[in-house]
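Please open the model in your viewer, with selection by residue number at hand, and follow the stops below in order.

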Amino acid sequence: MFKHYTMNQVVLPLDFEMKLQENDIAYAVNHIVEHIPEESFVGFLRETGCPAYHPRMMMKIILCAYTQSVFSGRKIEGLLKDSVRMMWLAQGYEPSYRTINRFRVHPEVKELLRQCFVLFRCQLVEEKAIEEEAIFIDGTKLEANANKFTFVWKKSIEKYSSDLVEKSNQMYAELLEKEIIPEIERESSDELSKEELSEVVKKLDEKVKKYDQEIEESEKAKDRKQLRSMRKEPKQYRKQFQDYVIRKQKYQNDMEIFGNRNSYSKTDHDATFMRMKDDYMKNGQLKAGYNVQIATEGQYTLAYGVFPNPTDTRTFIPFLNNIEERYFKLPKYIVADAGYGSEQNYSEVLHRNRTPLITYNTYRKEKKKKYKENPFYVSNWDYDSDSDFFTCPNGKKVPFQYLSNRTDKAGFKRTFRVYECEDCSGCPLRVHCTKAKGNRKIFYNAHWEQQKAYIREQLSKEETGEIYGKRKIDVEPVFGFLKANLRFTRMSVRGKSKVENELGFAFMAVNLRKYTAFRQNTSLNYNKKDSSYHFLITGIFFNFIRASYVPAPIYTTRKYAIHDYLPHTSKPTPCRFQTNTLPSVAPYKFQTLYFNVPYVTSQFLLLFLVQFNIFNWGKGRNSVFEN
């Protein structure tokens with residue numbers, strides 16, 4: 001027998017919400033977007049044209065699609081016709097893929113995503129899912145939507161530009177020497193600007209036109225031939241200078257695009273070529289990508305940033321500024337790996353009255369026994385603070401010589417105390433001590449050494465050491481969830497502003513997937529616990545029944561043999577059960593049992609109170625996770 005099934009019967013449409021499970025991810029998406037303030041959508045309003053789709057609905061469907069690892073606009077459009085949760089969130093609307101793609105790169109979406117992250121963090125704080133004690137910072141590189149052969153290198157452009165300046169100056173000097181054109185006014189004698197090159201082209205063009213006019217006016221073939229040969233050289237110079245003007249403009253545009261970077265992609269000008277972790281050829285191949293920084297707690301992404309430079313050290317301070325300006329106030333502890341350990345970063349965190357739990361490059365190396373026993377490391381040398389000199393392994397003095405100031409590309413200034421050995425000639429340990437041609441020099445940064453000692457002290461404490469130990473299990477899994485679980489490994493849009501929007505959707509999708517999974521597992525665990533308590537109560541009930549009867553020496557053929565019972569007495573009341581329900585085998589057909597009724601009544605009352613309390617306890621715990 002089969003259940004009734006027919007395709008010819010009209011089925012009334014029902015609310016799609018009835019098809020969703022209790023803790024479906026669509027509820028989490030709807031909850032977070034519905035709490036965005038109404039004034040955040042003012043930028044999407046327009047007075048003319050067809051009414052637009054509501055930004056809340058567009059945010060919901062794109063977020064929900066990203067949680068399902070769907071990033072294509074056409075596939076999102078397909079989900080609106082197939083997916084129940086997408087139909088419920090869209091409430092019957094079906095925007096086209098063009099509308100979806102235009103919306104997710106809209107400049108106002110960046111503010112909506114910021115609101116989502118702030119609201120999501122407030123929700124986690126309210127539910128005590130995070131402690132607000134520390135944030136864990138790390139970065140990864142994601143491939144841009146650009147071909148790997150579209151690179152432009154800054155050094156190459158600088159070389160070509162310098163060659164252009166040299167050749168243009170040389171050719172201009174030839175023009176003046178041959179008196180083809182008169183001298184023009186120049187701002188600088190070092191190079192010809194784009195305007196000056198254009199002026200040279202204009203002078204050469206006038207010269208060529210003059211020859212053209214003379215050729216037309218000449219009647220003799222011999223004179224025309226001579227004029228054509230004289231016109232040939234100015235035409236060649238004109239063509240060359242026209243090329244110089246185009247190249248000069250191109251090189252200037254390239255240098256503006258570079259900024260502080262060393263490369264960019266022709267397809268996506270904001271992308272920088274950097275080494276990716278997924279180097280399948282193992283040859284250090286460079287690809288156009290972005291350096292993505294995140295701040296997490298409890299494996300939830302609380303803030304993110306996109307940077308063009310590949311190194312994490314130079315992104316740390318701008319990312320902290322971004323967090324405080326757009327997301328939340330920095331907590332007490334800032335935790336990061338050794339890639340962020342530098343004198344400038346430590347100084348910045350301490351200046352903000354926060355505690356940096358950030359190791360430096362040689363932190364683990366300095367803790368090893370081999371390092372501590374190596375006599376050629378300066379940290380293992382004896383130091384005389386009164387006379388300000390070190391003592392090398394050969395017993396010679398290395399006194400202070402002078403101060404050296406160095407400024408890096410970021411403009412940060414470092415001060416080094418330079419020490420130099422008295423005489424390294426003829427030293428038997430010279431091969432192991434130094435490779436310099438002269439005496440060994442030591443560049444000692446006192447401020448940096450103090451910061452290193454401070455970090456070692458902080459990480460040696462039990463409380464801060466335990467916080468730093470959470471770094472690998474807090475921030476690293478987020479990138480695993482993003483790349484492996486969500487399968488988000490490459491951008492779908494081009495341009496930094498558009499990439500920031502897409503990454504916002506991706507990280508929020510990871511947060512919502514984890515949050516929903518946590519709620520589902522928690523709800524499942526509590527349901528299992530409730531059923532186990534019911535099983536426990538049933539077992540207790542059966543056990544105290546077994547323990548409260550006594551076999552009666554009375555034989556009876558009646559169905560029940562109940563003695564007279566008065567409520568104020570404790571006289572047992574006999575009650576007969578069938579023998580096969582008893583744990584022991586009786587030698588006769590029926591057996592009479594005696595129950596102490598006051599005792600049984602008190603046990604039932606106690607059992608009822610225990611069950612009532614357990615039910616209320618479970619209900620109270622489950623209410624924490626209600627929307």
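Among contacts in the protein between residues at least 6 apart in sequence, what percentage join residues at least 24 apart? The share is 64%, where a contact means heavy atoms within 4.5 Å. This is a predicted model, in which local features need pLDDT of at least 70 and side-chain atom pairs count only at pLDDT 80 or more, while totals for chains, interfaces and linings use all residues. Residues are numbered from 1 along each chain as its sequence is written, and side-chain values use heavy atoms, with hydrogens and water left out.

Begin with a cartoon of the whole protein, which has 20 helices and 16 strands; these are DSSP runs numbered from the N terminus, helices being H or I of at least four residues and strands being E of at least two. If you then colour by accessibility, buried residues make up 41% of the 627 residues, buried meaning under 20% relative accessible area, exposed over 50% and partly exposed in between, with a 1.4 Å probe and protein chains only.

Next, select S492, in the loop between helix 18 (476–485) and helix 19 (496–547). S492 has a relative accessible area of 34% and is therefore partly exposed. Leaving aside residues up to four places away in sequence, S492 touches F71, N145 and E502. A distance drawn between the C-alpha atoms of S492 and E502, which are 10 residues apart along the chain, reads 7.9 Å.

For a buried counterpart, select T355 in strand 8 (residues 355–358). T355 counts as buried because its relative accessible area is 12%. With residues up to four places away in sequence again not counted, T355 touches K332, Y333, I334, V349, Y454 and Q458.

Now show the aromatic side chains, among which the structure holds 28 aromatic pairs. Rings of Phe, Tyr and Trp (its six-membered ring) pair if their centres lie within 6.5 Å, and planes under 30 degrees apart count as stacked, over 60 as edge-to-face and the rest as tilted. Select F307 and F319, whose ring centres are 6.4 Å apart and whose planes stand at 90 degrees, so the pair is edge-to-face. Because F307 lies in strand 6 (residues 300–307) and F319 in helix 10 (residues 316–326), the pair ties together parts that are 12 residues apart in sequence. Both F307 and F319 are buried.

Move on to Y371 and Y377, a stacked pair with 4.3 Å centre to centre and 20 degrees between the planes. Y371 is buried at 14% relative accessibility, whereas Y377 is partly exposed at 27%. Then select Y383, F390, F400, Y419 and Y444 together, since ring pairs link these residues into a cluster.

Two arginines are worth a stop here. R74 lies over the face of Y97, at 3.9 Å from the ring centre, and R406 lies over the face of F416, at 5.0 Å from the ring centre; the criterion is NZ of Lys or CZ of Arg within 6 Å of the ring centre and within 35 degrees of the ring normal.

Finally, turn to the enclosed spaces. A search of the whole structure finds 2 cavities of 30 Å³ or more, a cavity being a set of points on a 1 Å grid over the protein atoms alone where a 1.4 Å probe fits but cannot get out. The largest cavity holds about 120 Å³ of space. Among the 16 residues that line the largest cavity, select C392, C421, C424, C427 and C433, which are the closest to its centre; lining residues have an atom within 4 Å of a point.

Note on methods
On a 1 Å grid over the protein atoms alone, a cavity is a set of points where a 1.4 Å probe fits but cannot get out, and a pocket is an open set with protein on both sides within 12 Å along at least five of seven lines; lining residues have an atom within 4 Å of a point. Grid points are joined across faces, edges and corners, and a volume is the space filled by probe spheres set on the points.
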